[in-house]
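Trainee: I would like a close look at one part of this protein. Please take me through it slowly, then place it in the rest of the chain.

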Amino acid sequence: MPALSRPALRWTALTFLWGLVGAVLWLTAVQLFLVALNPFCHLQKPRVAHLSVVSVDRNQDSAITDYVSAKQGDRNRVLVMSKAEAASLEPEEEVWILDAWYEDNLRPTQFRLNPQRILLEYPWLLLLPAAFGLWRVRKARVLAEAEPPPPVRRTFTDDFHLRAQRFANPTAAPPATPPADDPPETP
């Protein structure tokens with residue numbers, strides 16, 4: 001019996017999965033709201049890049065971001081990263097960078113690549129495992145609510161008489177069978 005066929009576990013899983021879907025939709029709505037309110041924002045292609053850090057420069061105009069000069073192959077790029085992430089970088093360091101899906105002057109546009117950052121920038125990716133989980137819970141419910149197979153009928157044979165014959169007199173003749181009547185002749 002699968003674990004999700006128990007009603008308590010199934011309702012717990014459903015509550016968790018629908019809570020996850022609600023949180024993802026909330027985060028996506030907040031991101032879209034902030035993008036809509038910012039007149040200096042524009043969409044950009046999200047991507048992942050492997051870069052070599054050249055230098056870290058302070059941004060005097062922002063208390064949140066710093067500039068990081070990096071080299072990708074033969075091309076130089078200037079990244080807008082948070083002050084904490086920029087301070088952790090050293091020149092000549094090789095890093096993986098995640099570009100956000102929109103760019104503005106208020107928040108960092110590039111981040112160090114890690115699973116937490118991917119989920120914060122692209123929370124709708126969590127809808128895929130949530131959809132799979134909801135499908136599994138639904139499948140478990142259908143299996144749990146299906147009619148059980150018919151019970152196996154066991155037929156017990158009466159062997160009392162067979163066991164009683166072991167005490168029978170061996171010289172006694174078996175009971176005679178009546179002779180078969182001849183069938184009546186029909187004209």
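In which strand is Val68 found? Please start there and work outwards.

Mentor: A word of caution comes first: this is a predicted model. Val68 is found in strand β3, which covers residues 65-72. Its relative accessibility is 1%. Buried means under 20%, so Val68 counts as buried.

Now look at what surrounds Val68. Leaving aside residues up to four places away in sequence, Val68 touches Val53, Ser55 and Val56. On the other side in numbering, Val68 touches Arg77, Val78, Leu79 and Met81. Ala86 and Leu89 complete the list. Take Leu89 as an example of distance. Val68 and Leu89 are 21 residues apart in sequence. In space, their C-alpha atoms are 8.7 Å apart.

One of those neighbours leads to a second site. Arg77 touches Val68, and Arg77 is also among the residues touched by Asp99. Asp99 lies in strand β5, residues 94-99. Asp99 is a charged residue, and its relative accessibility is 2%. That value is under the 20% cut-off, so Asp99 counts as buried.

What does the side chain of Asp99 meet? A polar contact joins it to the side chain of Arg47, at 2.7 Å. Arg47 also appears in the wider contact list of Asp99, together with Gln44, Lys45 and Pro46. Further along the sequence, Asp99 touches Thr109, Gln110 and Tyr122. Again, residues up to four places away in sequence are not counted.

Step back along the chain from β5. Glu92 is found in the loop between α2 (83-87) and β5. Glu92 has a phi near 70°. That is a positive value in a residue other than glycine. Is Glu92 buried or exposed? Its relative accessible area is 64%. Exposed means over 50%, so Glu92 is exposed.

Next, the pockets. The largest pocket holds about 210 Å³ of space. Its lining has 13 residues. Val30, Gln31, Leu34, Tyr102 and Arg107 lie nearest the centre of the largest pocket. Two helices, α1 (7-37) and α3 (115-121), each supply at least two lining residues. The largest share of that lining comes from α1, with 5 residues. By class, the lining of the largest pocket divides into 7 nonpolar, 2 polar and 4 charged residues.

The second largest pocket has a volume of about 180 Å³. It is lined by 13 residues. Nearest its centre lie Tyr67, Val80, Asp104, Asn105 and Leu106. Tyr67 falls within the residue range of β3, 65-72, the strand that holds Val68. The lining of the second largest pocket has 4 nonpolar, 5 polar and 4 charged residues.

Finally, the whole protein. Its secondary structure comes to 5 helices and 7 strands. Along the sequence, the pattern reads α-β-β-β-β-α-β-β-β-α-α-α. Of the 187 residues, 27% are buried. Val68 and Asp99 both count as buried. Consider contacts between residues at least 6 apart in sequence: 54% of these join residues at least 24 apart. The accessible surface comes to about 14500 Å². Carbon and sulfur atoms account for 63% of that surface.

Definitions and conventions
Residues are numbered from 1 along each chain as its sequence is written. This is a predicted model: local features need pLDDT of at least 70, side-chain atom pairs count only at pLDDT 80 or more; totals for chains, interfaces and linings use all residues. Side-chain values use heavy atoms; hydrogens and water are left out. On a 1 Å grid over the protein atoms alone, a cavity is a set of points where a 1.4 Å probe fits but cannot get out, and a pocket is an open set with protein on both sides within 12 Å along at least five of seven lines; lining residues have an atom within 4 Å of a point. Grid points are joined across faces, edges and corners, and a volume is the space filled by probe spheres set on the points. Helices (H or I, at least four residues) and strands (E, at least two) are DSSP runs, numbered from the N terminus. Buried means under 20% relative accessible area, exposed over 50%, partly exposed in between (1.4 Å probe, protein chains only). A polar contact is a pair of N or O atoms within 3.5 Å; within protein, one must be able to donate a hydrogen and the other to accept it, and residues adjacent in sequence count only if both atoms are side-chain atoms. Contact means heavy atoms within 4.5 Å. Accessible areas come from the Shrake-Rupley method with a 1.4 Å probe; for residues, only the protein chains shown count as cover.
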